[in-house]
Amino acid sequence: MTVPDRPAAPARSPERAQLSLFARNFFKHPRMLGSIIPSSSFLVRRLLSRVDWEGARVIVEYGPGVGTITREILRRMHPEATLVVLETNDDFVDFLERALPDPRLQVVKGSAEAVQAELQRLGLPAADHVLAGIPFSTMPAALRERILTDTQAALSAQGSLLIYQFSSRVRSDLQRVFGQVESDFEPFNILPARLFYCRR
Ligand SMILES: C[S@@+](CC[C@H](N)C(=O)[O-])C[C@H]1O[C@@H](n2cnc3c(N)ncnc32)[C@H](O)[C@@H]1O
């Protein structure tokens with residue numbers, strides 16, 4: 001009697017693999033991630049509606065995670081533009097390097113406060129946009145201050161910082177460093193997100 005072959009385990013979809021990698025890292029570093037799942041498509045669309053896709057040539061993203069926003073930036077951005085992503089988590093850096101082989105993308109293992117040094121190292125001019133979903137409210141105040149002031153210095157004269165957060169706590173720091181801050185809100189996200197837009 002022949003034993004029938006065992007059915008192969010169903011292959012995991014790329015989306016499920018990303019969710020699982022993100023969730024596993026949330027349990028390892030809850031304060032660094034701030035959320036158990038990546039941003040919703042509603043939040044991504046709302047955030048990216050503020051980007052000047054025609055004009056932007058240097059875009060920076062802090063904390064790309066598994067690339068939920070990164071993919072959409074690459075989909076929309078100019079063929080001659082460069083996207084630099086700064087990520088502190090080794091698992092996410094490895095994943096992004098393998099999952100997004102786009103010559104316009106520079107994946108940097110490092111913290112957001114290295115933005116100016118990294119733009120210089122890569123021979124890039126000041127950034128047109130910096131997008132950030134890193135957990136400003138739970139990081140030490142001195143680090144938050146360094147990241148905000150370095151970001152301001154890394155932006156071009158017309159450049160802007162676009163932030164999404166799960167609390168409004170960073171708002172007063174943004175006001176102090178950037179002056180004017182515009183606010184927005186996206187309810188369709190886990191957790192509902194506050195958005196802040198600042199010009200240099
Ligand atoms: C809420 S997750 C956002 C992930 C992804 N951008 C999204 O929208 O789904 C925050 C990310 O920021 C990263 N992160 C935290 N602090 C950072 C820092 N100082 N510099 C760069 N990345 C940081 C974390 O490792 C994590 O990937």
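This briefing covers the sheet, the helices against it, the salt bridges and a nonpolar patch.

The model is predicted. Its open sheet has seven strands with mixed pairing. The structure holds 13 salt bridges. A nonpolar surface patch of about 630 Å² is also present.

**Sheet**

- The strand order is β3-β2-β1-β4-β5-β7-β6.
- The edges are β3 (105–109) and β6 (182–186), and each of them pairs on one side only.
- On average, neighbouring strands of this sheet are turned by 15 degrees against each other, direction ignored.
- At one edge, β3 pairs with β2 (residues 82–87) in the parallel sense, over five bridges.
- Within that pairing, Val 85 has Val 107 in β3 as its bridge partner.
- At the other edge, β6 and β7 run antiparallel and are joined by five bridges.
- These two strands, β6 and β7, form a hairpin, with six residues between them.
- Across from Glu 182 stands Tyr 197 in β7.

**Helices against the sheet**

- Helix α3 (residues 41–48) lies across four strands: β4 (127–132), β5, β6 and β7 (193–199).
- The angle between α3 and β7 is about 15 degrees.
- Helix α5 (residues 90–99) lies across β2 and β3.
- The angle between α5 and β3 is about 160 degrees.

**Salt bridges to strand β6**

- Side chains of opposite charge can pair when their charged atoms come close.
- Arg 46 and Glu 186 form a salt bridge, with their closest N and O atoms 2.7 Å apart.
- Arg 46 sits in helix α3 and Glu 186 in strand β6, so this pair ties together parts that are 140 residues apart in sequence.
- The two partners differ in cover: Arg 46 is partly exposed at 29% relative accessibility, whereas Glu 186 is buried at 3%.
- Arg 50 forms a salt bridge with Glu 182, and here the closest N and O atoms are 2.9 Å apart.
- Arg 50 is in the loop between α3 and β1 (58–62), while Glu 182 is in strand β6, so the pair links parts 132 residues apart in sequence.
- Arg 50 is partly exposed, at 33% relative accessibility.
- Glu 182 is partly exposed as well, with a relative accessible area of 42%.

**Salt bridges elsewhere**

- Arg 121 and Glu 118 meet through their side chains in a salt bridge of 2.6 Å, N to O.
- Both belong to helix α6 (residues 115–121); because Arg 121 and Glu 118 are three residues apart there, about one helical turn separates them.
- Arg 121 is exposed at 57% relative accessibility, but Glu 118 is buried, with a relative accessible area of 14%.
- A network of salt bridges that share partners joins Arg 144, Glu 145, Asp 173 and Arg 176.

**Nonpolar patch**

- Seven residues are named in the patch: Leu 19, Phe 27, Ile 36, Ile 37, Phe 166, Ile 190 and Leu 191.
- One of them, Phe 166, lies in the loop between β5 (155–165) and α8 (171–178).
- Phe 166 is partly exposed, with a relative accessible area of 31%.
- The cut-off for patch residues is over 30% relative accessible area, so Phe 166 passes at 31%.
- Leu 191, another patch member, is found in the loop between β6 and β7.

**Cis peptide and a chain contact**

- Most peptide bonds are trans.
- The bond from Ile 190 to Leu 191 is cis, with omega near -5 degrees.
- Both Ile 190 and Leu 191 belong to the nonpolar patch.
- Ser 20 lies in helix α1 (residues 14–28) and is partly exposed, with a relative accessible area of 22%.
- The C-alpha atoms of Ser 20 and Ile 37 are separated by 8.8 Å, and the two residues are 17 apart along the chain.
- Ile 37 is itself one of the patch residues.

How values were computed: Residues are numbered from 1 along each chain as its sequence is written. This is a predicted model: local features need pLDDT of at least 70, side-chain atom pairs count only at pLDDT 80 or more; totals for chains, interfaces and linings use all residues. Side-chain values use heavy atoms; hydrogens and water are left out. Patches are made of residues with over 30% relative accessible area and no salt bridge: like charges are joined within 9 Å, nonpolar side chains (Val, Leu, Ile, Met, Phe, Trp, Tyr) within 5 Å. Accessible areas come from the Shrake-Rupley method with a 1.4 Å probe; for residues, only the protein chains shown count as cover. A salt bridge is a side-chain nitrogen of Lys or Arg within 4 Å of a carboxyl oxygen of Asp or Glu. Buried means under 20% relative accessible area, exposed over 50%, partly exposed in between (1.4 Å probe, protein chains only). Two strands pair if DSSP finds at least two bridges between them. Axes are lines fitted to C-alpha atoms, for helices over the stretch in contact, and angles run from 0 to 180 degrees between N-to-C directions. Contact means heavy atoms within 4.5 Å.
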